[in-house]
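This report describes a protein chain from its overall makeup down to single residues. It covers burial, helices, a pocket and several loop positions.

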Amino acid sequence: MEASAGREWDQISSEDEYQPVFSRPLSHFDRERHVAYLEMMYQMLPHYYQKQEINRITLAHFAISGLQLLGALDRVDKEAVSNWVLSLQAHPRNEADLNSGMALVTKKFESDCLELDAIVCGELYGFHGSRSSQFPPDDNGVLTHNGSHLASTFCALAILKAVGYSFTNIDRVSILTSMKNLQQPDGSFMPIHCGAEMDLRFVYCAAAICHMLEDWSGMDREKAKDYILNCQSYDGGFGLIPGSESHGKLKQVFIICLSGTGGGTYCAVASLRLMGFIEDDVLSNSVSSSVINLPLLLNWCLQRQEDDGGFQGRANKSSDTCYAFWIGAVLRILGGYKFIDREALRGFLLTCQSQYGGFSKFPGELPDLYHSYYGYTAFSLLEEPGLNPLCPELGMTDFSTLGI
């Protein structure tokens with residue numbers, strides 16, 4: 001992001017660039033290579049990220065918050081970054097738009113043979129994921145295609161926090177008032193005003209947004225808590241919805257692949273911690289009075305560390321760089337991180353570190369922004385020198401330790 005907010009995150013390189021076919025791991029955490037890798041991603045995204053265009057703000061979060069974790073935020077133009085992010089917020093025309101609320105409507109198909117009830121929420125006035133989902137108002141000033149999303153809003157706030165932008169200048173009333181309209185009667189959240197899943201991923205996004213804005217008027221915490229508790233499985237982990245398989249990964253929130261299972265366990269535990277329903281290091285204090293089954297959860301998390309030292313996201317899956325954060329952060333929140341084999345985990349992560357900088361999903365593959373960012377967060381949990389401390393509940397730099 002060298003010149004202006006309009007240029008920085010609208011650049012993707014052409015397809016004819018050379019692509020290496022392998023990546024050799026390094027034997028130590030090479031901070032300078034990682035800074036160079038993220039700085040390159042910050043300046044221009046390689047062409048193979050074109051399919052993630054709609055999630056550009058998420059990719060920006062990985063690059064910019066990654067540089068913050070590495071203590072290299074001097075490589076970015078903070079003012080240009082904040083201006084670009086703020087330009088992606090959706091704004092209501094008036095108070096009536098903001099308080100449109102939620103309604104149950106019946107959609108009748110053209111054949112007139114089938115009618116379905118659907119919940120249509122008031123629109124979210126958060127942040128768009130990119131210019132491609134941001135449409136201008138019509139001739140009457142009506143925002144007919146509002147594509148702002150809870151996950152994009154989380155990433156936008158995370159970026160603004162990373163560059164030191166004051167949240168007092170953000171239209172928080174529009175964000176929180178409209179977000180509350182997305183909460184469902186069972187406590188779950190829709191991420192957008194219509195046509196999307198309702199599960200723990202977006203409960204987490206809502207909790208994180210309220211926490212960062214220091215205002216809990218955007219959600220009913222008690223309802224959200226009840227929904228979370230209903231998602232704990234027989235084995236101690238959490239599924240995305242009640243009755244689904246326990247899982248530790250959250251990629252589907254931040255890359256918005258909305259099919260399949262996602263990071264139920266991290267979403268549940270981090271949300272409960274952010275909302276104040278479990279205390280920090282709860283294993284050392286009040287296991288018997290906890291709102292969740294802690295012994296089962298701890299057992300499930302510790303079973304995720306494999307013989308190669310890495311973490312899997314669920315049973316019978318391979319170790320993967322990002323799980324070192326998703327499962328590791330849960331253990332750090334609970335106070336159980338001391339039970340893992342840290343040296344073995346560090347050894348696994350180093351096999352996924354690329355000679356080009358960044359981290360890959362599996363050993364020896366090419367790096368990508370997603371796994372790189374969560375590789376950095378995993379090394380921060382391991383207290384690697386040269387990395388800022390991590391807030392495990394938010395998956396980003398713990399600014400309180402920096403006096404911010």
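A residue counts as buried when its relative accessible area is under 20%, as exposed when it is over 50%, and as partly exposed in between, using a 1.4 Å probe and protein chains only. On that scale, 56% of the 404 residues of the protein are buried. The model is a predicted one: local features need pLDDT of at least 70, side-chain atom pairs count only at pLDDT 80 or more, and totals for chains, interfaces and linings use all residues. Residues are numbered from 1 along each chain as its sequence is written, and side-chain values use heavy atoms, with hydrogens and water left out.

**Overall makeup**

Helices (H or I, at least four residues) and strands (E, at least two) are DSSP runs numbered from the N terminus. The protein has 15 helices and four strands. Contact means heavy atoms within 4.5 Å. Of the contacts with a separation of 6 or more, 70% join residues 24 or more positions apart.

**Two helices**

The expected span of a helix is 1.5 Å times one less than its number of residues. Helix α2 (residues 31-43) has 13 residues and should span 18 Å, which agrees with the 18 Å between its end C-alpha atoms. Its buried residues are H34, V35, Y37, L38, E39, M41 and Y42. An α-helix has 3.6 residues a turn, so residues three or four places apart point the same way.

Helix α13 (residues 323-334) has 12 residues and reaches 16 Å from its first C-alpha to its last, close to the 16 Å expected. Because 11 of these 12 residues are buried, α13 is largely enclosed by the rest of the structure. Among the buried residues of α13 are Y323, F325, W326 and L334. The helix is followed by G335, which has a positive phi near 95°.

**The arginine beside α2**

R75 is found in the loop between α3 (56-69) and α4 (78-86). With a relative accessible area of 29%, R75 is partly exposed. Leaving aside neighbours within four places in sequence, R75 is in contact with E32, V35, E39 and Y42. A polar contact is a pair of N or O atoms within 3.5 Å; within protein, one must be able to donate a hydrogen and the other to accept it, and residues adjacent in sequence count only if both atoms are side-chain atoms. The side chains of R75 and E39 make such a contact at 3.1 Å. R75 and I64 are 11 residues apart in sequence, with their C-alpha atoms 9.2 Å apart in space.

**A threonine in α15**

T377 lies in helix α15 (residues 369-381). It is buried, with a relative accessible area of 0%. A polar atom of the T377 side chain lies 2.9 Å from the backbone oxygen of Y374. Not counting residues up to four places away in sequence, T377 touches L69, F325, L390 and G395. One of these, F325, is among the buried residues of α13.

**Loop positions**

The table lists three residues found in loops.

| Residue | Loop | Relative accessible area |
|---|---|---|
| S246 | between α9 (221-229) and α10 (251-254) | 2%, buried |
| N316 | between α12 (294-302) and α13 | 79%, exposed |
| E383 | between α15 and β3 (390-391) | 58%, exposed |

S246 touches S233, D235, G237, F238, G239, W300 and R314, residues up to four places away in sequence being left out. S246 and G264 are 18 residues apart in sequence and 6.6 Å apart in space, C-alpha to C-alpha. N316 is not a glycine, yet its phi is positive, about 65°. E383 is not a glycine either, and its phi is positive at about 60°.

**The largest pocket**

On a 1 Å grid over the protein atoms alone, a pocket is an open set of points with protein on both sides within 12 Å along at least five of seven lines, and lining residues have an atom within 4 Å of a point. Grid points are joined across faces, edges and corners, and a volume is the space filled by probe spheres set on the points. The largest pocket has a volume of about 470 Å³. It is lined by 21 residues, of which K161, H211, M212, E214 and L394 lie nearest its centre. At least two lining residues come from each of α8 (200-213), α11 (264-275) and β4 (396-397). The largest share, three residues, comes from α8.

Ala, Val, Leu, Ile, Met, Phe, Trp, Tyr, Cys and Pro count as nonpolar, Asp, Glu, Lys and Arg as charged, and the others, Gly among them, as polar. The lining of the largest pocket divides into 10 nonpolar, five polar and six charged residues.

How values were computed
On a 1 Å grid over the protein atoms alone, a cavity is a set of points where a 1.4 Å probe fits but cannot get out, and a pocket is an open set with protein on both sides within 12 Å along at least five of seven lines; lining residues have an atom within 4 Å of a point.
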